[in-house]
Number of protein chains: 2
Amino acid sequence: MSDDAIRFDLPQSAIPTAWYNIQADLPRPLPAVLHPGTKQPIGPHDLAPLFPMDLILQEVSQERYIEIPEEVREIFKLWRPTPLLRARRLEKALDTPAHIYYKYEGVSPSGSHKLNTAVPQAYYNKKEGVQGLSTETGAGQWGTALAQACSFFGLECVVYMVKVSYEQKPYRAAMIRTFGASVTPSPSNTTHAGRAILAKDPNNTGSLGIAISEAVEVAATSGGKYKYALGSVLNHVLMHQTVIGQECLQQMELAGEYPDVIVAPTGGGSNFSGIALPFVHQNLTNGKHTRVLAVEPSACPSLTRGRYAYDFGDTSGMTPIVKMYTLGHDFVPPPFHAGGLRYHGMASVVCELYDQGLIEALAIPQLETFEAAVTFARSEGIVPAPEAAHGIAGVIREALHAKETGEKRVILFNLCGHGHFDMSAYNAYFANELSDYEYPQEQIDAAMANLPEVTF
Amino acid sequence: MSDDAIRFDLPQSAIPTAWYNIQADLPRPLPAVLHPGTKQPIGPHDLAPLFPMDLILQEVSQERYIEIPEEVREIFKLWRPTPLLRARRLEKALDTPAHIYYKYEGVSPSGSHKLNTAVPQAYYNKKEGVQGLSTETGAGQWGTALAQACSFFGLECVVYMVKVSYEQKPYRAAMIRTFGASVTPSPSNTTHAGRAILAKDPNNTGSLGIAISEAVEVAATSGGKYKYALGSVLNHVLMHQTVIGQECLQQMELAGEYPDVIVAPTGGGSNFSGIALPFVHQNLTNGKHTRVLAVEPSACPSLTRGRYAYDFGDTSGMTPIVKMYTLGHDFVPPPFHAGGLRYHGMASVVCELYDQGLIEALAIPQLETFEAAVTFARSEGIVPAPEAAHGIAGVIREALHAKETGEKRVILFNLCGHGHFDMSAYNAYFANELSDYEYPQEQIDAAMANLPEVTF
């Protein structure tokens, strides 16, 4: 590899053949997941109405590697392996001795890393004879990816899109429809849950929690024809994303370097896990010492300001109770422009790693992330999604710190998606309409007072 | 290469080192370009106020290969070589024995092939000491690409965007601004040309012709600080795009096949030329017999229904007079959704090839192109730009014809860009708001009556 190489490409034969399951290597096992009614640990059968058994078994598996089906790898070939690039122009713009590498998942046809899990989820549902999938979407990346994956496997797809997003982002809905899925603004008249909300408040503009309730209801009342799909948080979803980090291990070898620090934004935790877990594996079992840094928005700081406690996964308290860093299930984040990072909790795997001191976390305010996004776009050409921009802001902090200390620090991050459907946020930034937001401590404390009582 | 390969990737070392200039191989030379005032052939010095001398010399060069500067190839490494894919899922959906290959230029950070010429244009202007570039944009692909290229080289960039597009596509303007360029809706108060139009009609929503006048005026009146850049039509622009076809030649070899037919949409001719000219070169000099098919919209059918005659390049008659297939410079195409294909004329190179019987042409109506786009998206995952969809519609016709004749036909096309900023057109298609449009012959005849009188 020449000294001025920018891109480190792998052949299609290098697409990983198995997902990495960190449950096999965690120093202590993940906390039990509890039933929202009984508050006792749930088993695989409790999840069967919503998910196909293959995915439920992956959710609880302790095997280190789970084989990727050939049918899934065939579809991965449309865009994988994704490129790893060295951001030499950004390094120059920052005048830093750091070496900055980024994995670019935006080349996926759906435009983000979400397709990595949408494809296997659609595959296993098809295999079980399911007719269609229901899901919710906020920013729209996940709804797009699932619609696309369903179209690949001939599955129907029903997407509930938070009404305010649906109205603000008509192009997202158009893209989802292009793949043959239906998109319904939520709350809607198509479900009991939606109708109940509209009866109380006909002008309700929706929330992720309401959209989840509608999507879950469609699956739960379909007599098995439909199942439900989630785009982050769950163990099997995080595991599907490990193809990213596994490819990075090979590509960093091509580049002749090894990361000193990995930076990734965290909303539900799937992007972060995708790039980080294979390197955490190296730390845990292979004597490596890569720092792993989770970046969250100051306006939704689950890891850095939340509490590690049992809480509901949704706002209405219908999902299982999970131990996680949470801001409280009735926490309502302010309307900042990274829809993918507005979750009150965090994936169990990420929380355990954080609680065990195996990863670090950092909250960054909104304006710094857009400044970072623009710096990146002008150096490297790619306009990042606002979610990804949080990671870039963290990278720039690391690179500038390396400049202060005069250190050649090797930084790796995952550019999880492009911002082509988020340009209204950039318009607002250029018009000086965006602001920072620090959530007041008393509001966090108030939300904490409403955590479910769990004796388990 | 295994029998079921989908993607044929090249290493960065395979990025072409020279552009291919078809002027060296044309059976007869291109017709002279005439001065709009004297109507006599123009020389390089006539173009010097608008373009740097390196580009003017490329415009008239008869050398077969012109070396790509190392600084330009360095930037190409951000996304080149672009992938070549075999559309196996589309083949299956069409149940055709044809083999369909597509080159995907949408992976460029600006989202289309336009960056291939924007980068060298910015480079040569920077080299000549120019402070900034002015240009016009309709759909926005070209404005985005030039803004990005200027940001790479530290040039200022002024983009005049047709007002109706500016208002319909605020996200395009946001992306152009992200790269540090200014975007002005045209007609504007910033130029004499714009003010004159607004004085007559304050509600004028603009046209490409008006935007060209404004951009040209900025360059012409800047005392050399600014020059002007064009995204298609000119010889040097078409030549810059030949990196596409040159890579395809290598990639088809990897695939172990050679195209029987190449299909590409034509607006100004740069996408078409990019993929086709290196194969036309093989036809002309190497005994190959690839059919080359230019696809244009039925609503703007320059090649198939226009006349090969001298005409102005713009609507107001200020640019040089070029011999080309034209619908008349005051032809106003109906508002169909492929802004990049709404030009009344066509690149001189493409016209000569067509007139000499070296390429074929075909006009396809709008609804067939959107149907093709959706079929492609559901098979291959990528939502194409409406311009690219014209090529896909042509490919599908070829593939279905091969099915009828039971023939294994190898088809290659260039997917020149994604449709992420064109989703309003898809929304209109799904809402049954789009229609076909055949331009009435009497209107074409009327526009022809207004061609400039040229005795040359």
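Guide: A salt bridge is a side-chain nitrogen of Lys or Arg within 4 Å of a carboxyl oxygen of Asp or Glu. This is a predicted model, in which local features need pLDDT of at least 70, side-chain atom pairs count only at pLDDT 80 or more, and totals for chains, interfaces and linings use all residues. Residues are numbered from 1 along each chain as its sequence is written, chains are lettered from A and ligands numbered from 1 in written order, and side-chain values use heavy atoms, without hydrogens or water.

Visitor: What makes Glu247(A) and Arg80(A) a salt bridge?
Guide: Their closest N and O atoms are 2.9 Å apart. The limit is 4 Å, so the pair qualifies. Glu247(A) lies in helix α12 (residues 242–255) and Arg80(A) in the loop between α3 and β4 (84–86), so the bridge ties together parts 167 residues apart in sequence. Helices (H or I, at least four residues) and strands (E, at least two) are DSSP runs, numbered from the N terminus.

Visitor: Is Glu247(A) buried or exposed, and how do you know?
Guide: Buried means under 20% relative accessible area, exposed over 50%, partly exposed in between (1.4 Å probe, protein chains only). Glu247(A) has 0%, so it is buried. Arg80(A) also has 0% and is buried.

Visitor: Why is Lys408(A) called partly exposed?
Guide: Its relative accessible area is 47%, so it falls between the two limits. Its salt-bridge partner is Glu257(A), with closest N and O atoms 2.7 Å apart. Glu257(A) sits in the loop between α12 and β10 (261–265), and Lys408(A) in the loop between α17 (386–405) and β15 (410–415). They are 151 residues apart. Glu257(A), at 14%, is buried.

Visitor: How do you know that Arg28(B) and Asp355(B) are distant parts of the chain?
Guide: They are 327 residues apart. Arg28(B) is in the loop between β2 (18–20) and α1 (44–47), Asp355(B) in helix α15 (residues 348–355). Yet their side chains meet in a salt bridge at 2.6 Å, N to O.

Visitor: How many salt bridges are there over all chains, and how many between chain A and chain B?
Guide: The structure holds 42. Between chain A and chain B the count is 0.

Visitor: What makes up the interface between chain A and chain B, then?
Guide: About 4,000 Å² is buried there (accessible area lost on being put together, 1.4 Å probe, summed over both). Carbon and sulfur atoms give 56% of it. There are also 19 residue pairs in polar contact, both at pLDDT 80 or more. On the chain A side, α8(A) gives the most, with 6 residues.

Visitor: Why is the link between Lys227(B) and Glu128(B) called a polar contact?
Guide: A polar contact is a pair of N or O atoms within 3.5 Å; within protein, one must be able to donate a hydrogen and the other to accept it, and residues adjacent in sequence count only if both atoms are side-chain atoms. The two side chains are 3.2 Å apart, so the distance fits. Lys227(B) is in strand β9 (residues 226–228). At 9% relative accessibility, Lys227(B) counts as buried.

Visitor: What makes Ala5(B) buried?
Guide: Its relative accessible area is 5%, so it is under the limit. Ala5(B) precedes β1 (7–8). Beyond four places in sequence, Ala5(B) touches Arg86(B) and Arg88(B) (contact means heavy atoms within 4.5 Å). Ala5(B) and Arg88(B) are 83 residues apart in sequence and 9.2 Å apart in space, C-alpha to C-alpha.

Conventions:
Buried area = accessible area lost by both parts, 1.4 Å probe.
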